[in-house]
Amino acid sequence: MYNDINIQNDRFSASVITCDYIVIDDSGSMDDGVKDEAVRKGLKIIKNRLTSMEDTTSTRVSRVEFGGSISATDLVELESFDTEYYAGTSCTRLYDTVCYLKDQIFNLFDEYSIKKGYKLNINVIFLSDGYDVNSTMSKEDAIRSVAAIKEKTKASMLFYNIGNSAIDEARKLGFTVSSLDETEESILQFSEQISQKLVESSQSGTTIEALSKMMSSSSLATEEYKELMEQTTTNDPFKDLFEYV
């Protein structure tokens with residue numbers, strides 16, 4: 001039986017609550033003296049960046065670890081985020097973890113969004129070097145769980161694969177997938193980048209994926225505008241009389 005993930009200190013002045021789930025593989029393959037040490041350093045980077053925000057009162061973070069078992073902290077205030085990390089367990093129960101998180105996120109959404117009226121801004125970030133091993137839930141269960149989370153809560157579901165062994169599987173599960181090299185440099189770079197994305201998400205009240213789409217649309221619109229201006233000035237016989245910006 002797994003523990004429930006509750007929100008600690010749930011008195012919020014803002015109407016938007018940002019809930020970040022940092023989900024880390026702690027199986028034996030992560031315990032190689034490189035990945036495990038880099039993850040420890042990376043968690044400190046994430047905490048330092050998040051706690052440096054001007055307003056942290058409406059952001060909570062939970063750390064979930066999975067391997068032979070699944071353990072999770074409550075959604076705590078940023079100063080209470082635990083950065084200790086030790087790998088070395090057997091198995092990689094990825095499917096079980098996804099299904100577990102679906103139940104926890106649904107409970108959270110029902111309590112704070114449906115009953116209390118808050119807007120929940122949810123980011124789920126997986127970091128793993130492998131594919132599923134020994135889950136009791138099936139791949140189909142995990143696929144349905146990812147889809148259900150995204151449909152009901154509009155959460156960002158991100159999967160960062162150290163190496164490339166789980167890229168295809170994570171993509172089939174429904175995650176937005178990225179790969180990292182199996183080096184300390186790559187893992188620390190990920191930590192810097194994801195911490196910045198989490199800060200931007202918290203400050204805007206918008207999920208990482210939604211922000212990314214907005215920025216892409218904005219960039220595309222800007223490029224289209226530039227192309228239109230170039231075509232206009234090229235075909236305009238009075239172009240020398242006006243300054244286009």
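Mentor: Let's start with terms: helices (H or I, at least four residues) and strands (E, at least two) are DSSP runs, numbered from the N terminus. This is a predicted model, where local features need pLDDT of at least 70 and side-chain atom pairs count only at pLDDT 80 or more, while totals for chains, interfaces and linings use all residues. Residues are numbered from 1 along each chain as its sequence is written, and side-chain values use heavy atoms, with hydrogens and water left out.

Trainee: Okay, in what order do the elements run from the N terminus on?

Mentor: You have six helices and six strands to place. Going from the N terminus, the order is β-α-β-β-α-β-α-β-α-β-α-α.

Trainee: Which strands stand at the edges of the sheet?

Mentor: Strands pair if DSSP finds at least two bridges between them. The six strands make an open, mixed sheet ordered E3-E2-E1-E4-E5-E6. Each edge strand has a single partner, so one side of it lacks a neighbour in the sheet; these are E3 (70-72) and E6 (176-180).

Trainee: And what angle does the direction of H2 make with that of E4?

Mentor: Axes here are lines fitted to C-alpha atoms, for helices over the stretch in contact, and angles run from 0 to 180 degrees between N-to-C directions. Contact itself means heavy atoms within 4.5 Å. Helix H2 (residues 94-115) packs on the sheet, touching E1, E2, E3, E4 (119-128) and E5 (156-162), and its angle with E4 is about 165 degrees.

Trainee: Is Cys 19 buried or exposed?

Mentor: Eight bridges join E1 (residues 16-25) to E2 (residues 59-66), and the two run parallel; Cys 19 stands opposite Arg 60 in E2. We call a residue buried under 20% relative accessible area, exposed over 50%, and partly exposed in between (1.4 Å probe, protein chains only). With a relative accessible area of 0%, Cys 19 is buried.

Trainee: How many disulfides does the count come to?

Mentor: A disulfide is a pair of cysteine sulfur atoms within 2.5 Å. By that rule, the count is zero.

Trainee: What arc do the buried residues of H3 cover?

Mentor: Helix H3 (residues 139-153) buries Ala 142, Ser 145, Val 146, Ile 149 and Thr 153. The arc is that of the directions from the helix axis to the C-beta atoms. These buried residues sit on the same side of H3, because they cover an arc of only 95 degrees.

Trainee: Which elements do the buried residues of H3 pack against?

Mentor: Don't look to the other side of H3, where Arg 144 and Glu 151 are exposed. The buried residues pack against H2, E4, E5 and helix H4 (167-173).

Trainee: How many residues of E5 are buried?

Mentor: In a regular strand the side chains alternate between the two faces of the sheet. Ser 156, Leu 158, Tyr 160 and Ile 162 point one way from E5, and Met 157, Phe 159 and Asn 161 the other way, yet all are buried. E5 is largely enclosed by the rest of the structure, because its buried residues number seven of seven.

Trainee: Last one: how far apart in space are Asp 36 and Tyr 86, C-alpha to C-alpha?

Mentor: Asp 36 lies in helix H1 (residues 35-51) and is buried, at 7% relative accessible area. Leaving out residues up to four places away in sequence, Asp 36 touches Met 30, Asp 31 and Tyr 85. Asp 36 and Tyr 86 are 50 residues apart in sequence, but their C-alpha to C-alpha distance is 6.8 Å.
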